[in-house]
Amino acid sequence: MTFNSGEFLIFFPITLLLYFLLPKKWSRYSLLMMSLVFYLAWNVKLVFLILFTTAVSYFSALKIEKTERKSVKKTFLVITLIACLGVLFFFKYYNFLAETFGWALGTIMGNTYDFTLNLVLPVGISFYTFQTLSYVIDVYRGDEKAERDFSLFALYVIFFPQLVAGPIERPGNLLPQLRDKNPLTADNVRAGLWKMAVGFFKKIVVADFIAEYVNAVYNNAADATGWGVVIGSMLFAVQIYCDFSGYTDIAIGCARIMGIKLMKNFDRPYKAQTIKEFWARWHISLSQWFRDYLYFPLGGSRCSRSRHMFNIMVVFLVSGLWHGASWTFVIWGALHGVYRIVGELTAKPREKLWAKLKVNTSSVIFGYIRRFFTFVLVCFSWIFFRANSLSDLGILLGKLFSGWGSLPETLSAMGLGITAIIVTVLSIIIMAELDIITDVQSSDSAMSASRKTSVMWIIWAVAFAWTMLLSVGGASTFIYFQF
């Protein structure tokens with residue numbers, strides 16, 4: 001079941017009715033039950049995995065809090081790490097490692113070796129694994145109290161809006177909100193519907209529409225041109241943002257209707273003027289998770305310069321591997337690591353250069369120039385992220401140095417006629433305007449007349465697009481579901 005499916009149109013109203021109509025004692029259980037139903041709709045057989053990691057995390061946290069012995073605390077922390085990361089590594093990375101080992105052995109021995117297994121990747125496993133780990137680690141550090149109520153902790157892990165693709169919530173934010181039943185208020189409904197409408201617009205009207213032109217390049221690498229790679233990568237930058245932030249907006253909106261506030265996961269990332277700022281705006285919950293549970297424990301920036309650079313690279317390599325079990329993702333992470341390291345090493349020399357040249361670095365024009373170059377760097381990195389394989393990646397990169405072809409012929413091959421270009425540009429402009437409106441007008445404030453009009457237009461656009469998509473076989477799944 002996805003947010004942009006017909007089943008969800010039935011599931012969500014039933015969930016709301018049960019949550020608000022049942023007494024406080026039972027509303028939480030109904031929400032837990034419906035969250036399980038939401039997950040079971042993906043794969044009934046794999047539900048035991050999330051229940052297993054949930055149970056291990058729950059009991060380990062209780063043991064950690066109960067004992068005063070550091071050795072016992074560490075033992076149960078290690079048990080949690082082994083259980084949660086073990087499940088994650090086996091289902092997500094075993095075949096990746098087996099293929100790599102088989103290739104290396106085959107290269108040496110001259111034979112073909114296949115050690116892969118027929119595994120199904122549990123949906124959302126990377127997200128709920130990190131969520132359970134953050135809980136146990138926080139209890140171990142003494143930052144959080146262990147939750148006694150298993151049903152409440154299970155709901156924290158399985159809460160359906162953010163279960164599949166985040167945001168990755170911290171126990172300090174989500175658990176207290178799930179503990180009490182929230183009243184139905186007009187402000188929450190308005191704010192929630194607004195976020196959902198914006199999310200559906202991003203996903204259905206923008207991301208799914210652009211996907212066709214992106215696929216025309218990346219699924220036919222051999223026939224691509226240099227112009228195709230550039231245009232396809234820029235469009236993919238928009239597609240993945242609208243796809244992922246669209247999911248987050250819908251998740252935040254669903255929870256907000258129930259009076260539950262999830263954390264902000266995107267902050268207009270393509271406004272960033274540096275790669276460091278980009279990662280402070282993109283997938284914020286993941287960036288903060290790696291900062292708090294990997295970067296800081298490694299030493300952060302409070303160490304030698306060489307160790308600081310090493311810490312940055314480790315974080316981005318792990319981030320790349322987190323996104324996918326493929327060398328393309330590892331290289332993508334490494335590339336962003338290089339971006340960050342170069343940015344750190346050249347920060348002071350660049351400041352001196354601008355001062356020597358008397359460049360006003362606080363000017364609007366300079367800001368736009370920095371934003372443009374950051375966007376170019378990010379778009380270049382998306383080539384590594386989107387490439388279907390290492391061989392395709394090599395072909396696509398090669399196209400940037402030869403075989404640019406004709407721009408009109410490239411647009412025609414991609415299916416980008418004049419009408420498609422106009423629709424694409426208008427959709428992107430509207431999407432950007434919606435992000436601005438969301439930033440300017442707090443979701444807690446009263447909805448203005450102009451905003452009400454905007455909401456109606458969005459709802460009609462989404463309803464029309466949704467109807468058209470469902471009539472031809474259904475809307476596409478969200479990109480980050482594979483992670």
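User: In this predicted model, is the crossing of α2 and α6 left-handed or right-handed?

Analyst: In the predicted model, helix α2 covers residues 24-40 and helix α6 covers residues 150-158, and their axes lie 10 Å apart. The contact draws on Arg-28, Tyr-29, Leu-31, Leu-32, Ser-35 and Leu-36 of α2, together with Ser-151, Leu-152, Ala-154, Leu-155 and Ile-158 of α6. The crossing of α2 and α6 is left-handed.

User: Are α2 and α6 oblique or roughly perpendicular to each other?

Analyst: The two helices pack at an angle of about 40 degrees. Angles under 35 degrees would count as roughly parallel, and those from 65 to 115 as roughly perpendicular. The angle between α2 and α6 falls in neither range, and the pair is therefore oblique.

User: How do the residues of the contact of α2 with α6 divide into nonpolar, polar and charged?

Analyst: On the α2 side the contact includes Arg-28 and Ser-35, and on the α6 side it includes Ser-151. Counted over both helices, the residues of this contact divide into 8 nonpolar, 2 polar and 1 charged.

User: Is Thr-15 buried or exposed?

Analyst: Thr-15 lies in helix α1, which spans residues 6-21, and, with residues up to four places away in sequence not counted, Thr-15 touches Leu-31, Met-34 and Phe-160. Its relative accessibility is 1%, and because buried means under 20%, Thr-15 counts as buried.

User: Which helix gives the most residues to the largest nonpolar core?

Analyst: The largest nonpolar core has 126 residues, and those with the most contacts inside it are Phe-8, Tyr-135, Phe-159, Met-258, Trp-382 and Leu-396. Leaving aside neighbours within four places in sequence, Met-258 is in contact with residues including Leu-16, Phe-20, Leu-31 and Phe-159. With 17 residues, the helix that gives the most to this core is α10, residues 226-257.

User: How far apart in space are Leu-407 and Thr-225, C-alpha to C-alpha?

Analyst: Leu-407 is placed in helix α18, residues 407-414, and, with residues up to four places away in sequence not counted, Leu-407 touches Trp-227 and Ile-231. At 33% relative accessibility, Leu-407 counts as partly exposed. Leu-407 and Thr-225 are 182 residues apart in sequence, while their C-alpha to C-alpha distance in space is 8.9 Å.

User: What is the count of buried residues in helix α15?

Analyst: Helix α15 runs over residues 347-356 and is followed by Lys-358, whose phi is positive, near 55 degrees. The helix is hardly covered, and among its 10 residues the count of buried residues is 0.

How values were computed: Residues are numbered from 1 along each chain as its sequence is written. This is a predicted model: local features need pLDDT of at least 70, side-chain atom pairs count only at pLDDT 80 or more; totals for chains, interfaces and linings use all residues. Side-chain values use heavy atoms; hydrogens and water are left out. Helices (H or I, at least four residues) and strands (E, at least two) are DSSP runs, numbered from the N terminus. Buried means under 20% relative accessible area, exposed over 50%, partly exposed in between (1.4 Å probe, protein chains only). Contact means heavy atoms within 4.5 Å. A nonpolar core is a set of buried Ala, Val, Leu, Ile, Met, Phe, Trp, Tyr and Cys residues joined through side-chain atoms within 4.5 Å. Axes are lines fitted to C-alpha atoms, for helices over the stretch in contact, and angles run from 0 to 180 degrees between N-to-C directions. Angles under 35 degrees count as roughly parallel, over 145 as roughly antiparallel, 65 to 115 as roughly perpendicular and the rest as oblique. A crossing is left-handed if the near helix is turned anticlockwise from the far one by less than a right angle, and right-handed if clockwise. Ala, Val, Leu, Ile, Met, Phe, Trp, Tyr, Cys and Pro count as nonpolar, Asp, Glu, Lys and Arg as charged, and the others, Gly among them, as polar.
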